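Subject: Structure handover

Dear colleague,

I am passing on the structure we talked about, and below it you will find my notes on what turned up when I went through it. Please read them with the structure open beside you.

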Amino acid sequence: MTDSTFKRFVEVGRVVLLKSGPSAGKIAVIAEIIDHNRAIIDGPTTGVPRQSFPYRHLTLTPIALTKLPRGAGSGVIRKQVEKEGTVAKWESSTWAKKRAAMEKRRSLNDFERFSVMVAKKQRRDVVRKTLAKAA
């Protein structure tokens, strides 16, 4: 059998990012697969309650918990997540950093946006002058 290039499978222990609902933007773990449309997810360390969630409102991440039994309770999931440092893994990923940067950008007020523009102009000017000097 040849190895598939596809790596993110819907499986028990897969860490998912929620796309909608009150917990949108948080991560959770698939605890049990209900059918081809829904799974039971749980995020005991991220504040996501245990619930049935449709796959179309989830994004599968490359992170998965190892050796998580099917239908594991919140306590077991919490221990496993803390043992493997899953939340830290997620927060150190490029994907999470990009999301955090986007959220930070969205939350800026008018003056903060202006300050960013001025800082970019100053940086651009310094870069331009050093390039002109080097050439």
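A good place to begin is Thr86, which counts as buried because its relative accessibility is 2%, where anything under 20% is taken as buried. Please keep in mind throughout that this is a predicted model. Thr86 lies in helix H2, and, leaving aside residues up to four places away in sequence, Thr86 touches Val15, Ile63, Leu65 and Val81.

One of those contacts, Val81, leads into helix H1, which spans residues 74-84 and in which Ile77, Gln80, Val81 and Glu84 are buried. Seen down the axis of H1, these buried residues fall within an arc of 100°, and they therefore line one face of the helix. As general background, an α-helix has 3.6 residues a turn, so residues three or four places apart point the same way. The buried residues of H1 pack against strands E2 (27-33), E3 (38-43), E4 (48-54) and E5 (58-64), and also against helix H2 (86-91). On the face turned away from that buried side, H1 carries the exposed residues Lys79, Glu82 and Lys83. Just after H1 comes Gly85, which takes a positive phi of about 65°.

Which residue other than glycine has a positive phi, near 55°? That is Lys67, which is found in the loop between E5 and H1 and is exposed, with a relative accessible area of 80%. For context, most residues other than glycine have a negative phi, and you may wish to look at Lys67 with that in mind.

Turning to charged pairs, a search of the whole structure finds nine salt bridges, and I describe some of them here. Arg70 forms a salt bridge with Glu32, with 2.7 Å between the closest N and O atoms. This pair links distant parts of the chain, since Arg70 sits in the loop between E5 and H1 while Glu32 sits in strand E2, 38 residues apart. Arg70 counts as exposed at 62% relative accessibility, whereas Glu32, with a relative accessible area of 18%, is buried.

A second bridge joins the side chains of Asp42 and Arg50, at 3.4 Å from N to O. Here Asp42 is buried, with a relative accessible area of 2%, and Arg50 is partly exposed, at 36%. Within H1, the side chains of Arg78 and Glu82 meet in a salt bridge at 4.0 Å, N to O, and these two residues are four places apart, about one turn of the helix. Arg78 is partly exposed, with a relative accessible area of 37%, and Glu82 is exposed, at 51%. Elsewhere, Asp125, Arg128 and Lys129 are linked in a network of salt bridges.

On the surface, Phe111, Phe114 and Met117 make a nonpolar patch of about 330 Å². Phe111 lies in helix H4, residues 110-134, and counts as exposed because its relative accessibility is 59%, with over 50% being the cut-off for exposed.

Finally, a note from the records: an unreviewed UniProt entry carries the annotation "domain: Large ribosomal subunit protein eL14", covering residues 49-124. In the model, that span is 59% helix and 17% strand, and its end C-alpha atoms lie 46 Å apart.

With best wishes

Technical notes
Residues are numbered from 1 along each chain as its sequence is written. This is a predicted model: local features need pLDDT of at least 70, side-chain atom pairs count only at pLDDT 80 or more; totals for chains, interfaces and linings use all residues. Side-chain values use heavy atoms; hydrogens and water are left out. Buried means under 20% relative accessible area, exposed over 50%, partly exposed in between (1.4 Å probe, protein chains only). The arc is that of the directions from the helix axis to the C-beta atoms. Contact means heavy atoms within 4.5 Å. Patches are made of residues with over 30% relative accessible area and no salt bridge: like charges are joined within 9 Å, nonpolar side chains (Val, Leu, Ile, Met, Phe, Trp, Tyr) within 5 Å. Accessible areas come from the Shrake-Rupley method with a 1.4 Å probe; for residues, only the protein chains shown count as cover. UniProt positions are given in the numbering used here, feature names are shortened, and annotations may be inferred rather than shown by experiment.
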